[in-house]
Amino acid sequence: MKTITSAANPSFRQWKQLADSVRARKKTGETLLEGMHLVAAWQASCGMPIGVWVSEGGLKRPEIADWLAANHHALISAETEIFCSPDTLFCKLADTETPTGILARVNLPNPPDSPLPDTDTVLLDGIQDPGNLGCLLRAAAAAGFSQTLLSTGSASAWSPKVLRAGQGAHFQLKIYEAADLADFLRRFKGESLAATLADATPLYTAYWPFDAPLAWVFGAEGQGISAAVLQEARQRICIAMPGGMESLNVSAAAAVCLFESLRRRQA
């Protein structure tokens with residue numbers, strides 16, 4: 001374990017770029033995971049990270065100390081770099097107001113070159129809020145959808161805030177960023193459903209073949225789904241809200257729709 005005490009240290013500066021810059025993450029193909037939950041989720045799905053950074057305070061936390069001890073030999077075998085720094089320096093890397101004391105540096109997973117046109121898919125059109133995007137990915141993974149397409153203009157799927165909101169969903173999904181959603185829908189070999197308020201069939205009365213692959217489309221809360229994408233969807237679906245609210249948060253609406261799909265299949 002290497003001790004780092006200065007922000008001028010080259011390793012610190014590399015990690016700091018990954019923490020702060022979308023461009024750096026794209027250039028290196030790497031990102032940072034913050035918190036023991038994400039680190040453990042990564043290990044379970046993808047193996048050991050390429051780097052681990054802990055704070056002096058983090059070393060005193062039982063869950064972090066126990067994980068480092070239990071995985072000591074595996075970390076060495078994977079040639080994982082391990083750094084430790086004072087809490088004040090660690091806070092400059094962490095994205096949270098109250099850091100838990102551990103970060104991991106990982107290579108971004110590479111999905112296949114093209115998304116499959118015959119598997120359950122969630123399409124996200126212009127979702128810019130990191131918290132919403134992470135929650136949407138989490139709902140998609142929880143409902144058993146295996147791939148997600150993000151349009152140009154969406155938040156970066158691998159940013160620290162989105163990763164935290166996703167709670168490990170990223171490692172269960174094939175994620176395609178800057179995707180052409182309209183083109184994918186034209187090629188999709190199943191039923192495509194767009195969640196929208198205009199000219200839509202209520203979710204609980206809409207019909208679609210329960211055994212067909214599904215592509216659900218969700219748009220940004222302000223602008224909704226773009227016209228070019230919306231016209232390629234085979235059905236427009238709305239959620240009935242007898243309570244009088246105008247709309248739901250997009251991640252809440254997605255969870256309702258995705259789990260209604262799951263309910264129908266299980267029924």
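This is a short dialogue on reading salt bridges and contacts in a predicted model.

Trainee: Before we begin, what should I keep in mind about the model?

Mentor: The model is predicted, so local features need pLDDT of at least 70 and side-chain atom pairs count only at pLDDT 80 or more, while totals for chains, interfaces and linings use all residues. Residues are numbered from 1 along each chain as its sequence is written, and side-chain values use heavy atoms, with hydrogens and water left out.

Trainee: What is a salt bridge, and how many are there here?

Mentor: Side chains of opposite charge can pair when their charged atoms come close. The rule used here asks for a side-chain nitrogen of Lys or Arg within 4 Å of a carboxyl oxygen of Asp or Glu. By that rule there are twelve salt bridges.

Trainee: Where do K16 and D20 lie relative to each other?

Mentor: Both are in helix 1 (residues 10-20), four residues apart, which puts about one helical turn between them. Helices (H or I, at least four residues) and strands (E, at least two) are DSSP runs, numbered from the N terminus. The side chains of K16 and D20 form a salt bridge at 3.3 Å, N to O.

Trainee: Are K16 and D20 buried or exposed?

Mentor: Buried means under 20% relative accessible area, exposed over 50%, and partly exposed in between (1.4 Å probe, protein chains only). K16 is partly exposed at 27%, and D20 is exposed at 52%.

Trainee: Which residues are linked in a network of salt bridges?

Mentor: E34, D95, K161 and R164 are linked that way. Let's take the pairs in turn. E34 and R164 meet at 4.0 Å, N to O. E34 belongs to strand 2 (residues 30-34) and R164 to helix 8 (residues 160-166), so this pair ties together parts 130 residues apart in sequence. E34 is buried, at 10% relative accessibility, whereas R164 is partly exposed at 23%.

Trainee: And what about K161 and D95?

Mentor: Their side chains form a salt bridge at 3.3 Å, N to O. K161 lies in helix 8 and D95 in the loop between helix 6 (87-93) and strand 5 (102-107), so the pair joins parts 66 residues apart in sequence. K161, at 42%, is partly exposed, and D95 is partly exposed at 28%.

Trainee: Which residues does P111 contact?

Mentor: Contact means heavy atoms within 4.5 Å. Leaving aside neighbours within four places in sequence, P111 touches K174, I175 and Y176. P111 sits in the loop between strand 5 and strand 6 (121-125), and is partly exposed at 27%.
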